[in-house]
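User: I am new to reading protein structures. Please take one part of this one and walk me through it closely.

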Amino acid sequence: MFVKKTSRPRTVTLPNGQILTMADLPPTTTRWVARRKEIVVRAVEHGLLSRDEAMRRYGLSDEEFDSWINAVKLHGPAALKVTATKRYRQG
């Protein structure tokens with residue numbers, strides 16, 4: 001078996017002890033639920049995936065990805081739920 005050489009880590013360990021790999025990332029044709037959004041945000045935060053690569057891979061805009069990051073930073077993963085958007089919205 002041949003493994004493609006990259007400069008980024010193949011696995012990252014999250015603060016809660018969970019190990020995240022490229023195989024754990026959601027597929028590119030997926031319905032966005034809070035858990036999948038959180039996985040992408042965590043992968044970028046911990047260097048498993050670059051921001052540009054994540055945006056290109058999933059077809060995200062700067063504003064959309066920034067909103068995910070800010071929601072997680074300010075209110076935690078629960079803020080990524082579509083039903084909670086009004087509750088956590090700025091303004």
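Analyst: What follows is a close look at helix α1 and the parts around it. Keep in mind that this is a predicted model.

Start with the length. Helix α1 covers residues 34-45, twelve residues in total. At 1.5 Å a residue, the helix should span 16 Å. Its end C-alpha atoms are 16 Å apart, so the model agrees with the expected span. After α1 comes Gly-47, whose phi is positive, near 85°.

Now look at burial. Which residues of α1 are buried? They are Ala-34, Lys-37, Glu-38, Ile-39, Val-40, Val-41, Ala-43 and Val-44. Lys-37 and Glu-38 are on that list. What do the buried residues pack against? Their partners are β2 (19-21), α2 (51-58) and α3 (62-75).

Next comes the core. The largest nonpolar core holds 23 residues, and Leu-20, Leu-49 and Phe-65 touch the most other members. Three elements give two or more residues to this core: α1, α2 and α3. The top contributor is α1, with six residues.

Take Leu-20 as an example. Setting aside residues up to four places away in sequence, Leu-20 touches eight residues, among them Ile-39, Arg-42 and Ala-43. Its other contacts include Arg-10, Val-12 and Leu-48.

Now turn to α3, one of the packing partners of α1. Helix α3 has 14 residues. From first C-alpha to last, α3 reaches 20 Å, close to the 20 Å expected at 1.5 Å a residue. Its buried residues are Phe-65, Trp-68, Ile-69, Ala-71 and Val-72. Seen down the axis of α3, these buried residues fall within an arc of 160°, so they line one face of the helix. On the other side of α3, Glu-63, Lys-73 and Leu-74 are exposed. The buried residues of α3 pack against α1 and α2. Just after α3, Gly-76 takes a positive phi of about 90°.

Back to α1, and to one residue in it. Glu-38 lies in this helix. Is Glu-38 buried or exposed? Its relative accessible area is 14%; the cut-off for buried is under 20%, so Glu-38 is buried. Leaving aside neighbours within four places in sequence, Glu-38 is in contact with Pro-77 and Leu-80.

Glu-38 also has charged partners. The side chains of Arg-35 and Glu-38 meet in a salt bridge, 3.2 Å from N to O. Both residues lie in α1, three residues apart, which is about one turn of the helix. Arg-35 has 41% relative accessibility, so it counts as partly exposed. Glu-38 forms another salt bridge with Arg-42, with the closest N and O atoms 3.7 Å apart. Glu-38 and Arg-42 are four residues apart in α1, again about one turn of the helix.

One more salt bridge lies outside α1. Arg-51 pairs with Asp-62, and their closest N and O atoms are 3.6 Å apart. This pair links distant parts of the chain: Arg-51 is in helix α2 and Asp-62 in helix α3, eleven residues apart. Arg-51 is partly exposed, with a relative accessible area of 27%. Asp-62 counts as partly exposed too, at 41% relative accessibility. As for the wider pattern, salt bridges that share partners join Arg-35, Glu-38, Arg-42 and Glu-45 into one network. The whole structure has five salt bridges.

Conventions: Residues numbered from 1 in each chain as written. Predicted model: local features only at pLDDT ≥ 70, side-chain atom pairs only at ≥ 80, totals over all residues. Heavy atoms only, no water. Expected span 1.5 Å × (residues − 1). Buried < 20%, exposed > 50% of the residue type's maximum accessible area, 1.4 Å probe, protein only. Contact = heavy atoms within 4.5 Å. Core = buried A, V, L, I, M, F, W, Y, C linked by side-chain atoms within 4.5 Å. Arc of directions from axis to C-beta. Salt bridge = Lys/Arg side-chain N within 4 Å of Asp/Glu carboxyl O.
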